[in-house]
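Here are a few exercises to help you find your way around a structure that is new to you. Have a go at each task before reading its solution.

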Amino acid sequence: MAANEPLSSRAEDLAPPPKEPGFVHQLGAFAIEAFGQARDLYSVFVRTLYYSVYGRREKGMFAQQVFEQGNQSVFFLTVFMGFFGMILVFQAGVQALRVVPDLTLLGATFLQLLVRDLAASIGALMLATRVGAGIAAEIGSMVVTEQVDALRMCAADPIEYLVVPRFKAGIVATTAVIIWSAGVAFVSGMLTAWVYFGVNPRTFANLGMVGHGDLIVGLTKCLAYGAAIPIVSAQSGLSTFGGSEGVGSATTRAVVNSSLAVIILNFFISAAGLILFPGATQ
Amino acid sequence: MAGGSVLETTDDKRGVAYTTGSGFLRISELVGGFALLFGRIAARLLTFRFDREQTFMNLYKMGVKSIPIVAVTALFTGAIMVIQAAPLVQRYQAYGLLGWGAGFGTLREIGPLLTALMISGRVGANNAAELGTMSVTEQIDAMRTLAIDPVAYLVAPRFVAIVITLFCSTLVADFLALFGAAYSAGPLLGVDPQVFYNGLTAGLLNFGDVAHGLVKSVAFGAMIALSSCFFGLNVQGGAPGVGRAVNATVVVSAASIFVIDYFVSALGT
């Protein structure tokens, strides 16, 4: 034992103590992880696009997914966009009254803002929580219970079989639901303006400021978010590991990443819209 | 939880009256459950019977670890606010008012709202998954047999941590959003950051606007904490139940954030 003691103590000396990772270490680990995620996301996106064009079509899957993403979100979005329209007009009215006593342009400004940005972005943020969490939980639990591996064994690519219908359905359902919820927000905003500020609904429903540029930017946003939410959530679901806890964290990641995707896409599309359609703002 | 749980899905084949009735019952069950849970948490908080260590651990896990995501969201949000204010500003050539316009929207509405949505996605969902897994694997029952009060040890610290996290995140987000707005106004609209800051501090915005947003953030934090803890503790049906609880948490938190936002906005002015 006495002979072994210096050896063991030397071994302890040689083995470095477990250090707290430094700042550079953390930054590097973060960068590597972010890069891996981005590459994974890109791969899922490209394969989804490929199979959307060349893949086999599963009968009924598309309609079922549109129902799940679209119809089942209608109630949810109707309630929130209704409240959101009320909040927005209320705040805008309070804000405007501090500077000008005249609220005739409230409706026109509200409509333009709704069409160009807020209907699509806020609606998509809500859809990202509902639809994104649903997709990630579903695909994640399929991964954990090895159903996705079973699909691969049957020579069915999970991207083709699971992601493509959700992707196509996402584009259609998001656009449709957002157009509906923009209508809801407009009506609730109109009622709020009437009740709180006494703005006549006819004055409020003024489409004068909505140009074609606003419409194009708004619809582009719908399409982009509708494509991004299923892809990001499906990637989170497919990269699930570690049992039921893994499904929970995959769902979290799906919601966070798709919300981030919506915000970042919003920035780029809005900036592009500002540069491409400066005439629409006059 | 007799008479069906909130996490069960209703059978769509039934009639309209059945669907409406069960929907109503589910909502009232939720409201009642939230109120009971809030009462239990409040009883622990008022008598200071909650675990300090757990509170600090959760604050680190929920607050410090959320800073990157809050920062990215806030910077982009500020830039988006400037882009959305751009047409109005250009029409009236009112470059001096840009800071006020972006600041008003950010401080009162968009800052607290987007921060709450991001924190609800990251922290609320994670919290529900964690508590749900503990509940499914009977760890919470094990605590009870050891005479440890699960509300004082698990739930109340999380409640405190989420409320503080959201309050501080909103402060950080407000600051970073205005920062992002000021420095994106230059390249996008040709407005000098100094002009932006002047518009921000010219007197049209006061402390009330910041406080309005912060009051909201506290209410949002309480709702996120309540819903995530409620769904986490009431998981039924093993591992798939945890997934459903996480989903329900995210949806209900987002829902209640919007509803509360309206009432705080309407009452606060």
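## Exercise 1: Getting to know chain B

Describe the make-up of chain B, then its extent and burial.

Start with the elements: chain B has nine helices and zero strands. Reading from the N terminus on, that gives the order α-α-α-α-α-α-α-α-α. Keep in mind that you're looking at a predicted model.

Next, the extent. Taken along the principal axes, the C-alpha atoms of chain B fill a box of roughly 65 × 50 × 30 Å.

Now burial: chain B holds 269 residues, and 48% of them count as buried.

Finally, look at the contacts in chain B with a separation of 6 or more: 86% of these join residues 24 or more positions apart.

## Exercise 2: Two helix pairs

Work out how α8(B) is oriented against α1(B), and then against α4(B).

Take α1 (residues 16-46) and α8 (residues 207-233) of chain B to begin with. They pack at an angle of about 105°, and their axes are 10 Å apart. Angles of 65 to 115 degrees count as roughly perpendicular, so α1(B) is roughly perpendicular to α8(B). On the α1(B) side, the contact is made by Gly33(B), Phe34(B), Leu37(B) and Phe38(B), while α8(B) brings in Leu226(B), Cys229(B) and Phe230(B). Sorted by class, this contact has six nonpolar residues, one polar and no charged ones.

Now switch to α4(B) and α8(B). Here the packing angle is about 15° and the axes are 8 Å apart. Angles under 35 degrees count as roughly parallel, so that label fits α4(B) and α8(B). Their crossing is right-handed. As for class, the residues of the contact of α4(B) with α8(B) split into 13 nonpolar, 13 polar and four charged.

## Exercise 3: Where the chains meet

Describe the side of chain B that touches chain A.

Count the residues on each side: 44 from chain B are in contact with 42 from chain A. Then see where the chain B residues come from: α3 (67-92), α4 (98-136) and α9 (238-267) of chain B each supply at least two of them. The largest share, 16 residues, comes from α9(B). By class, this side of chain B has 28 nonpolar, 11 polar and five charged residues.

## Exercise 4: Into the core

Find the residues with the most partners in the largest nonpolar core, then follow one of them.

That core has 156 residues, and those touching the most other members are Leu114(A), Ala228(A), Val82(B) and Ala181(B). Helix α4 (residues 106-144) of chain A gives the largest share of this core, with 24 residues.

Let's follow Ala228(A). Set aside its neighbours within four places in sequence, and you find it in contact with Ser258(A), Ala261(A), Val262(A) and Leu265(A).

## Exercise 5: Exposed or partly exposed?

Classify Val187(A) and Glu33(A), and compare distance in sequence with distance in space for each.

Val187(A) sits in helix α6 (residues 158-197) of chain A. It has 15 C-beta neighbours inside 10 Å, so it counts as partly exposed. Along the sequence, Val187(A) is 105 residues from Gly82(A), yet their C-alpha atoms are 7.9 Å apart.

Glu33(A) belongs to helix α2 (residues 23-54) of chain A. Because it has 10 C-beta neighbours inside 10 Å, Glu33(A) counts as exposed. Glu33(A) and Gly85(A) are 52 residues apart in sequence and, C-alpha to C-alpha, 39 Å apart in space.

Technical notes
Residues are numbered from 1 along each chain as its sequence is written. Chains are lettered from A and ligands numbered from 1 in the order in which they are written. This is a predicted model: local features need pLDDT of at least 70, side-chain atom pairs count only at pLDDT 80 or more; totals for chains, interfaces and linings use all residues. Axes are lines fitted to C-alpha atoms, for helices over the stretch in contact, and angles run from 0 to 180 degrees between N-to-C directions. Helices (H or I, at least four residues) and strands (E, at least two) are DSSP runs, numbered from the N terminus. Angles under 35 degrees count as roughly parallel, over 145 as roughly antiparallel, 65 to 115 as roughly perpendicular and the rest as oblique. Two residues are in contact if their C-beta atoms, placed from the backbone, lie within 7 Å. Ala, Val, Leu, Ile, Met, Phe, Trp, Tyr, Cys and Pro count as nonpolar, Asp, Glu, Lys and Arg as charged, and the others, Gly among them, as polar. A nonpolar core is a set of buried Ala, Val, Leu, Ile, Met, Phe, Trp, Tyr and Cys residues joined through C-beta atoms within 7 Å. A residue is buried if 20 or more other C-beta atoms lie within 10 Å of its own, exposed if 12 or fewer, and partly exposed in between; C-beta atoms are placed from the backbone. A crossing is left-handed if the near helix is turned anticlockwise from the far one by less than a right angle, and right-handed if clockwise.
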